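Trainee: Could you take me through one part of this model up close? I'd like to see how a helix pair packs, and then what sits around it.

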Amino acid sequence: MALGLGGLCAAAILADIYAAGHRQKMRIMEAVWPVNALYLGPFAVWAYVRFGRPQSRRWQREHGDAPGKPHWVSTTIGVMHCGAGCTLGDIIAETGIFLLAITIVGHALWAEYIGDYVLALLLGIVFQFFAIAPMRGLSVGKGLIETAKADVLSLTAFEVGLFGWMALMAFVFFPNPHLHPDTAAYWFLMQIGMIAGFFTAYPVNAWLIRRGIKEAM
């Protein structure tokens with residue numbers, strides 16, 4: 001049920017962006033909002049309707065300037081920006097590792113940690129680059145440097161929460177037999193893990209935004 005709800009929430013946001021015409025000024029957010037809905041579900045829909053939709057040109061033509069956002073909202077959207085790269089990286093890496101039956105010292109978990117982090121980092125940098133570079137008018141090289149400064153710490157904090165939950169899944173909740181990515185239960189628990197990552201990344205993003213290292217979104 002939770003997986004289906006996440007999918008429906010992501011589809012609803014995509015429909016509002018592309019079918020209803022609420023295209024985002026910052027185009028990378030058209031991926032950030034629905035990807036986060038896969039694990040945040042109705043909360044992501046509420047946040048999108050309240051704070052994402054008003055960033056579209058259509059909404060502003062009809063209602064005027066977008067309302068200001070309190071600090072906690074800017075921080076939350078910053079975490080979502082990081083969470084989108086982490087979520088996609090985790091889905092791709094864990095599916096691939098399972099299909100290829102990759103293990104390290106007999107455990108798939110260690111391979112998943114490496115694959116998840118590397119892909120999440122690459123995707124996170126891409127997501128962050130298309131936010132920071134246009135906002136600051138940076139070149140590709142400078143943009144990548146600033147992106148790494150803004151995203152590596154945030155992404156690592158997100159993965160700390162997720163990886164801790166994955167360890168509980170592997171060694172406490174389902175030590176034998178382990179759950180695998182070919183089951184709905186696995187991905188339901190991964191939704192919980194991503195929510196855990198959201199909370200561990202929140203204070204780091206608040207600090208990065210306060211220091212001006214990461215843009216308030």
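Mentor: Let's start with who touches whom. On the H2 side, Trp33, Asn36, Ala37 and Leu40 make the contact, and on the H3 side they meet Pro42, Phe43, Ala44, Ala47, Tyr48, Phe51 and Gly52. Sort those contact residues by type and you get nine nonpolar, two polar and no charged. Bear in mind that this is a predicted model.

Now the geometry. Two packed helices are described by the angle between their axes and the distance between those axes. Here H2 covers residues 29-40 and H3 covers residues 42-52, and the two pack at about 145° with axes 7 Å apart.

Charged residues are missing from the contact of H2 with H3, but have a look at Glu30. With a relative accessible area of 5%, Glu30 falls under the 20% cut-off, so it counts as buried. The side chain of Glu30 meets that of Arg23 in a salt bridge, 2.8 Å from N to O. Arg27 forms a salt bridge with Glu30 too, and there the closest N and O atoms are 3.6 Å apart. Neither arginine is hidden like the glutamate: Arg23 is partly exposed at 31%, and Arg27 is also partly exposed, at 47%.

The count for the model comes to four salt bridges, so let me show you another, the one in helix H4 (residues 57-63). Glu62 pairs with Arg58, the closest N and O atoms being 3.0 Å apart. Why are these two about one helical turn from each other? Because they're four residues apart in H4. Glu62 is partly exposed at 47% relative accessibility, and Arg58 is partly exposed at 31%. Back at Glu30, salt bridges with shared partners join Arg23, Arg27 and Glu30 into one network.

For another buried glutamate, go to Glu112 in helix H6. Its relative accessibility is 8%, so Glu112 counts as buried. Leaving out residues up to four places away in sequence, Glu112 touches Glu94, Ile97, Met166 and Tyr186.

Finally, turn to the surface. A nonpolar patch there has about 980 Å² of accessible area together, and its members include Ile104, Val105, Trp110, Ile114 and Phe171. Helix H6 (108-136) and helix H7 (140-173) are the elements that give two or more residues to the patch. Val105 sits in the loop between helix H5 (71-100) and H6, and at 72% relative accessibility Val105 counts as exposed.

Technical notes: Residues numbered from 1 in each chain as written. Predicted model: local features only at pLDDT ≥ 70, side-chain atom pairs only at ≥ 80, totals over all residues. Heavy atoms only, no water. Axes fitted to C-alpha atoms, helices over the stretch in contact; angles between N-to-C directions. Contact = heavy atoms within 4.5 Å. Nonpolar A, V, L, I, M, F, W, Y, C, P; charged D, E, K, R; others polar. Patch = residues over 30% accessible without salt bridge, like charges linked within 9 Å, V, L, I, M, F, W, Y side chains within 5 Å. Areas by Shrake-Rupley, 256 points an atom, 1.4 Å probe, with all protein chains shown as cover. Buried < 20%, exposed > 50% of the residue type's maximum accessible area, 1.4 Å probe, protein only.
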